[in-house]
Amino acid sequence: MFADATILPFEAPCLLIVPSNVVHGFQYRAGAEGSVVTISDLYLQDLLRREAEFRTLFACPRALPHKPDQFDRSLQELSRELSWTAPGHASAVEALLISMLVSAVRLIHEAVVLEQPHGAAAALVARFREAVEANYRTNTQVECFAQSLGVSAKRLRAACLRAAGTTPLRIIQDRLLVEAKRLMLYSNMTVAETAYYLGFDDPAYFTRFFARGCGASPRSFRKSPPA
């Protein structure tokens, strides 16, 4: 799985978690099969208010190995409930979905227990990604993020390299780039307006930043987006 600038290898059976803000893609072996469950951001925010543990699950892209058939029955029942309107339909859908999310959260917990050093790094990176998501437009300083997380910049960098295969600065820049692409494609903002909205002081610097990350200027990207 390709997630932003990270490659996450996986083998079946596996549960792949992709947050909505992550540019991603997949490379499968011939004959691979799977199911896709998409959760709207609005509904997910409601779930997060009710169950804070789910924040860890969606803090970063993940590949979670699991036991054969662990999610198969729930997926089959969820597919059936989504295809009809029997009494209690909405409650049944939510119950099945929450049950699957709880199982996924417990998979993460088990992984942390089995591999504590890596699990600690992954937990720190998950907190870091949450902080980036909340503040990427107003703060791009790794040192400030590290201080807010109660760790040194050196420790944060080591955790990111270990758990995410990239640096904290790259994670921040990738998040900015994702938002910049979205605004170029789906908003009427000018390049300068986009730059200021994303916290850049200089539109020219923003243009160079965008071109380095996308291989094209913002205007060129808007005119001819990648397929």
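**Exercise 1.** In this predicted model, find which residues E179 is in contact with, leaving aside its neighbours within four places in sequence, and decide whether E179 is buried or exposed.

*Solution.* Begin by setting aside the neighbours of E179 within four places in sequence, and what remains is contact with Y136 and L198. Next, place the residue in its element: E179 belongs to helix α8, which spans residues 168-186. Finally, turn to accessibility, where buried means under 20% relative accessible area; E179 has 12% relative accessibility and therefore counts as buried.

**Exercise 2.** Work out which residues of helix α6 are buried, which exposed residues lie on the face turned away from them, and what follows the helix.

*Solution.* Helix α6 covers residues 142-149, and its buried residues are V142, F145, A146 and L149. These residues cover an arc of only 100° around the axis, so they lie on the same side of α6. The general background is that an α-helix has 3.6 residues a turn, so residues three or four places apart point the same way. On the face of α6 turned away from the buried side, one finds the exposed residues E143, Q147 and S148. After α6 comes G150, which has a positive phi, near 75°.

**Exercise 3.** Carry out the sorting for helix α3, naming its buried residues and the exposed residues on its other side.

*Solution.* Within helix α3, residues 72-82, the buried residues are S74, L78 and E81. Because they cover an arc of only 65° around the axis, they are on the same side of α3. The other side of α3 holds R73 and Q76, which are exposed.

Methods. Residues are numbered from 1 along each chain as its sequence is written. This is a predicted model: local features need pLDDT of at least 70, side-chain atom pairs count only at pLDDT 80 or more; totals for chains, interfaces and linings use all residues. Side-chain values use heavy atoms; hydrogens and water are left out. Helices (H or I, at least four residues) and strands (E, at least two) are DSSP runs, numbered from the N terminus. Buried means under 20% relative accessible area, exposed over 50%, partly exposed in between (1.4 Å probe, protein chains only). Contact means heavy atoms within 4.5 Å. The arc is that of the directions from the helix axis to the C-beta atoms.
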